[in-house]
Amino acid sequence: MMKVVIAIDSFKGCISSVQANKAAAQGVLAAAPQAQVASVPVSDGGEGWLEAFQTAVGGQMIEVDAMDPMAHPIKAQYLIHDDTAVIEIARASGLTLLAPEERNALAATSFGTGMLVVDAVRRGCRRIIVGLGGSATSDCGLGMLRAIHKAFAPHGTWRDIRALDGVHFTIATDVSNPLCGPCGAARVFAPQKGASPVIVERIEERAVRFAATSARYFGYDRQYEKGAGAAGGLGYAFLQYMNAECRSGIDLLLDYAQFDALLSDASLVITGEGTADRQTLMGKLPWGILKKAKATGVPVALVAGQVADRQQLLQAGFSRVECINPPHLPLAQAMLPVVAMANVSATVRNMIL
């Protein structure tokens, strides 16, 4: 019997991973009604991180009072499973929480993410897994650190905080940028959050000062480590102040989902994303899926809303690379969820037949 494992990323601004997987499963079963289908919602640490983790391990969604990046009060959720908390920083510090005219990379704060961390620690969580994706902030995690300091040592120093003793932090990101410099958080990511060239340099100067002060305080400097530049330097705050471990978001999630076990008798893996091109091979989610499957010899087909660099993708190891959209389909129509799901389903059906 054919067994197909489906693990498609969200098509940003269009359909979620859950929706994409459901559409692909319908396509498989339309072509091969007796096929066994295993669906794994996936995320690399950004959009859909909580839902993917809850599908993989279960757990309870916790809703708490928090702040958005402009310090407006909001409700934000995170996941608790046993003594582990899973936080998606975009729930409190995400770009999608702000209208375009509200975006202010210099003023945006990660304080809300700190409020989620504080709540998880107070509930007794000893492991905290943080998905660093989709942030509106460029504050090097200063807002988050202030929230934690205010909660646990308002009249002391960071070293007076005892509540974090024995709490293990893992940050999930595929961003390898350092905190500062030409490839750092400010110069690479702040423009995506609305920062002008002048504001980018002010953010960079702030990051340089903060890293130097932190290095003197602790006697070590983690600003150059993988993940430090993620989420506007929020990754650096976790690394420097909480001694966090950095993991690839997709690798971490696939481990929790026991993806290797699903591959053991699989005939095909179907993955995908909104746009597939040479950047897919630079650590994006389908690349993580491909690496896992190649190790077991299972072919991997890639579907996407837009496809470029097809030959490079095939040479990297994808067995098929298919665009779900017919030629000349207007973008506005292609972005409609009902249209995208129908096109995913039809593409997969034709691929299986």
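**Two sheets and a small cavity**

Six strands make up an open sheet, in the order 3-4-5-6-7-8 and with mixed pairing. Bear in mind as you look around that this is a predicted model. At the edges of that sheet sit strand 3 (60-67) and strand 8 (245-247), each of them pairing on one side only. Ignoring direction, neighbouring strands here are turned against each other by 25° on average.

Let's start at the strand 8 edge. Strand 7 (residues 168-172) runs parallel to strand 8, and the two are paired over three bridges. If you want a spot to zoom in on, Ile171 stands opposite Cys246 in strand 8.

Now for what packs on this sheet. Helix 4 (residues 111-122) touches strand 3, strand 4 (73-81), strand 5 (84-88), strand 6 (127-131) and strand 7, and its direction makes about 135° with that of strand 3. Helix 9 (residues 249-256) lies across strand 6, strand 7 and strand 8, at about 85° to strand 8.

Helix 4 also has a residue to pause on, Asp119. Is Asp119 buried or exposed? Its relative accessibility is 19%, and the cut-off for buried is under 20%, so Asp119 counts as buried. Which residues does Asp119 touch, leaving aside its neighbours within four places in sequence? They are Ile62, Val64 and Tyr78.

On to the second sheet. This one is also open, with five strands in the order 2-1-9-10-11 and parallel pairing. Its edge strands are strand 2 (36-39) and strand 11 (320-323), each with pairing on one side only. From one strand to the next, the twist averages 25°.

Within this sheet, strand 9 (residues 268-276) and strand 10 (residues 300-307) pair in the parallel sense over seven bridges. One place to look is Gly272, whose bridge partner in strand 10 is Val303. Helix 11 (residues 285-294) packs on the sheet, in touch with strand 1 (3-8), strand 9 and strand 10, and its direction makes about 160° with that of strand 9. Helix 14 (residues 337-352) lies across strand 9, strand 10 and strand 11, running at about 145° to strand 11.

Last stop: empty space. The structure holds one cavity of 30 Å³ or more, and the volume of the largest cavity is about 30 Å³. Its lining is made of Ser138, Cys140, Leu179, Ala185, Ala186, Ile203, Ala207, Gly232 and Gly233. Helix 6 (185-189) and helix 7 (197-218) each supply at least two of the lining residues. Sorted by class, the lining has six nonpolar residues, three polar ones and no charged ones.

Conventions:
Residues are numbered from 1 along each chain as its sequence is written. This is a predicted model: local features need pLDDT of at least 70, side-chain atom pairs count only at pLDDT 80 or more; totals for chains, interfaces and linings use all residues. Side-chain values use heavy atoms; hydrogens and water are left out. Two strands pair if DSSP finds at least two bridges between them. Helices (H or I, at least four residues) and strands (E, at least two) are DSSP runs, numbered from the N terminus. Axes are lines fitted to C-alpha atoms, for helices over the stretch in contact, and angles run from 0 to 180 degrees between N-to-C directions. Contact means heavy atoms within 4.5 Å. Buried means under 20% relative accessible area, exposed over 50%, partly exposed in between (1.4 Å probe, protein chains only). On a 1 Å grid over the protein atoms alone, a cavity is a set of points where a 1.4 Å probe fits but cannot get out, and a pocket is an open set with protein on both sides within 12 Å along at least five of seven lines; lining residues have an atom within 4 Å of a point. Grid points are joined across faces, edges and corners, and a volume is the space filled by probe spheres set on the points. Ala, Val, Leu, Ile, Met, Phe, Trp, Tyr, Cys and Pro count as nonpolar, Asp, Glu, Lys and Arg as charged, and the others, Gly among them, as polar.
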